[in-house]
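Colleague: I would like a close look at one part of this model: how its helices pack. Please take me through it piece by piece, and put it in the setting of the whole chain.

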Amino acid sequence: MEEFFFDFVSRSAYRVKGKLLAMGSIMSEINLKDFFVPNYILSLGSEVERVSHPPVCPVIVFINSKSGGQLGGELLVRYRSLLNKNQVFDLGESLPDKVLHRLYHNLGMLKDKGDLLAAHIEKNLKLIVAGGDGTASWLLGVVSDMRLPHPPKIATVPLGTGNNLHFSFGWGKKNPGTDRESVELFLSQVRSAREMKIDSWHILMRMRSPKEGSSDSIASLELPHCLHAFHQDGWHLFRGGFWNYFSIGMDAQVSYAFHSERKLNPENFKNQLTNQKAYLKIACKQGWFVSPLCHPPSRNIANLAAVKIMRREGIWEDLVIPSSIRSIICLNLPSFSGGLDPWGDPSKNKLHDRDLTPPYVDDGLIEIVGFRNAWHGLVLLAPNGHGTRLGQARRVHFEFHKGAINHTYMRIDGEPWKQPLSVEDDKVAIEISHSGRVNMLANLPCRAKSVHDPSSTHNYGNRDYYINRDDKFAEEEHVVVKKFGAASTFKFVDDRDIVHYQ
């Protein structure tokens with residue numbers, strides 16, 4: 001419901017902005033050669049091409065052709081008609097980790113032979129990812145796992161339902177046009193976009209394997225792209241990462257029902273507005289507007305798990321969860337549920353009184369928010385509306401109560417799943433920790449705020465505190481290398497980062 005209102009308000013402004021920018025794009029007559037990547041760069045053994053116009057903004061394009069109803073397929077055709085068709089990949093046919101590993105291998109080989117164009121492309125390469133939040137996070141995970149010395153910057157085309165990550169960085173949340181003018185406009189925005197770093201968050205879950213039954217039981221789970229399941233030494237392990245949010249409870253259950261229905265009847269989900277209506281219908285059907293009547297208190301977060309947070313290095317403290325909270329969200333970006341901000345913008349006094357800091361996307365802190373029911377979510381539509389601010393942390397630890405429930409619903413960056421829990425194990429645990437940063441491209445207007453940006457509206461607080469911590473984060477990454485499990489080459493090496501706290 002909240003998404004309809006937000007869409008209505010933002011759609012008109014977006015159209016006006018788009019038309020004005022499109023006029024400027026036409027006047028400047030975009031040169032598509034600025035984005036061109038020749039075949040010999042993409043495939044070793046191809047004939048070396050002489051390029052008279054080195055690309056100012058070379059791009060590799062990944063498109064989820066199944067996203068956005070018919071839009072994904074139409075966008076794929078359009079990009080391939082405007083650029084070298086071999087630099088545009090359908091994610092339904094080509095895995096991004098294999099594409100990028102091959103590309104960077106080729107660039108390295110060519111650089112060793114003195115190829116100046118290869119060096120130029122490696123230095124200036126940008127990725128365009130067209131899809132929903134799950135698709136964008138998939139690519140972010142792949143790039144993070146590759147640990148490149150000069151990682152490409154990433155721009156996103158909103159083809160999903162919520163498009164929260166896209167909206168946070170100024171790429172809009174409305175599905176785009178697929179005509180030539182719209183695509184050329186987007187390319188021109190990519191060329192002029194500024195770089196912004198975003199925190200990466202590593203997640204690890206463990207629970208003991210059942211005394212009876214096969215370890216293959218976890219293989220049947222439909223997990224998000226950035227979460228992988230393993231069986232090791234009597235433990236079920238789930239490991240991955242996220243960039244926007246991780247949630248447990250009410251919102252994830254609604255999302256799971258929506259995705260399940262869409263998978264069974266894809267013909268009923270052809271556009272963004274239809275999808276949003278389906279979300280509202282499912283929330284009503286599941287009774288989240290009258291949750292005290294339809295959902296037992298045993299499913300409230302406080303009755304499911306104990307939560308600890310680490311705000312300062314080495315110091316764990318209990319996080320108090322009100323008994324009425326049915327959904328908990330660990331939030332990194334200022335966009336959730338189609339562009340709404342659950343954390344909001346706390347006043348100076350509230351920040352001081354509760355020992356909180358302004359929300360930045362690159363400060364190594366994650367915001368934790370709770371919701372009681374669907375009506376509570378509608379508060380976000382009001383000026384300065386927000387959820388229940390539970391706290392901020394560098395690390396978050398969930399430990400589920402033994403026998404409390406045999407499953408729960410979880411969601412990572414728009415991708416939900418039904419997570420089984422062991423009723424025999426009193427050590428089912430999840431730990432979230434900071435794990436470096438990845439480079440995004442930000443367009444105007446950009447909702448995400450960086451601690452390094454002097455123009456940030458959050459101009460209060462001790463900025464130097466965050467900036468000086470960057471070196472410490474970098475040192476930590478060299479000690480324990482965390483991978484997100486997004487690439488097919490991912491392997492669980494040892495148990496050094498098994499969920500724990502002291």
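Modeller: Two residues count as in contact when their heavy atoms lie within 4.5 Å. On that basis, 78% of the contacts in the chain with a separation of 6 or more come from residues 24 or more positions apart. Bear in mind that this is a predicted model. The chain has 502 residues, and 56% of them count as buried. It holds 15 helices and 17 strands.

Start with α4 and α5. Helix α4 covers residues 96-112 and helix α5 covers residues 116-124. Their axes are 8 Å apart, and the packing angle is about 140°. Angles over 145 degrees count as roughly antiparallel. The pair is therefore classed as oblique. The crossing of α4 past α5 is left-handed. On the α4 side, the contact uses Y104, L107, L110 and K111. On the α5 side, the partners are A118, A119, I121 and E122. This contact has six nonpolar and two charged residues, with no polar ones. K111 and E122 are the charged pair by class.

Now turn to α4 and α6. Here the axes are 10 Å apart and the angle is about 40°. Angles under 35 degrees count as roughly parallel. So α4 and α6 are oblique to each other too. The handedness of this crossing is right-handed, whereas α4 passes α5 in a left-handed one. P96, D97, L100, H101 and Y104 are the α4 residues involved. They meet W138, L139, V142, V143 and M146 of α6. Eight of the residues in this contact are nonpolar, one is polar and one is charged. The polar one is H101 and the charged one is D97. Y104 takes part in both the α5 contact and the α6 contact.

The third pair is α3 and α8. Helix α8 runs over residues 180-192, and its axis is 10 Å from that of α3. The angle is about 70°. Angles from 65 to 115 degrees count as roughly perpendicular, so that is how α3 and α8 are described. From α3 come L75, R78, Y79 and L82; from α8 come R180, V183, E184, F186 and L187. Six of these are nonpolar and three are charged, with no polar residue in the set. The charged ones are R78, R180 and E184.

Y79 carries us from that contact to the core. The largest nonpolar core has 67 residues, and within it Y79 and F169 touch the most other members. Helix α6, residues 133-146, gives the most to this core, with seven residues. Setting aside residues up to four places away in sequence, Y79 touches V61, I63, V88, I128, V157, V183, F186 and L187. V183, F186 and L187 are among the α8 residues in the contact with α3. V61 and I63 fall within β1, and V157 falls within β4. There is also a second, separate core of 34 residues; I203, M205, I248 and L319 are among its members.

S67 sits just ahead of this region in sequence. Its place is the loop between β1 (59-63) and α3 (71-82). With a relative accessibility of 11%, S67 counts as buried, since the cut-off is under 20%. Beyond neighbours within four places in sequence, S67 is in contact with G72, G131, G132, T135 and L159. G72 belongs to α3, and T135 belongs to α6.

Some backbone details round this off. N163 has a positive phi, near 55°, and is not a glycine. N163 lies in the loop between β4 (153-158) and α7 (164-168). Its relative accessible area is 0%, so N163 is buried. D355 also has a positive phi, about 55°, without being a glycine. The loop between α13 (348-353) and β12 (366-371) holds D355. D355 has a relative accessible area of 40%, which makes it partly exposed. Last, the peptide bond joining L444 and P445 is cis, with omega about -5°. P445 is in the loop between β17 (429-442) and α15 (463-479).

Definitions and conventions:
Residues numbered from 1 in each chain as written. Predicted model: local features only at pLDDT ≥ 70, side-chain atom pairs only at ≥ 80, totals over all residues. Heavy atoms only, no water. Axes fitted to C-alpha atoms, helices over the stretch in contact; angles between N-to-C directions. Helix = DSSP H or I, 4+ residues; strand = E, 2+ residues; numbered from the N terminus. Left-handed = near helix turned anticlockwise from the far one by under 90°. Core = buried A, V, L, I, M, F, W, Y, C linked by side-chain atoms within 4.5 Å. Buried < 20%, exposed > 50% of the residue type's maximum accessible area, 1.4 Å probe, protein only.
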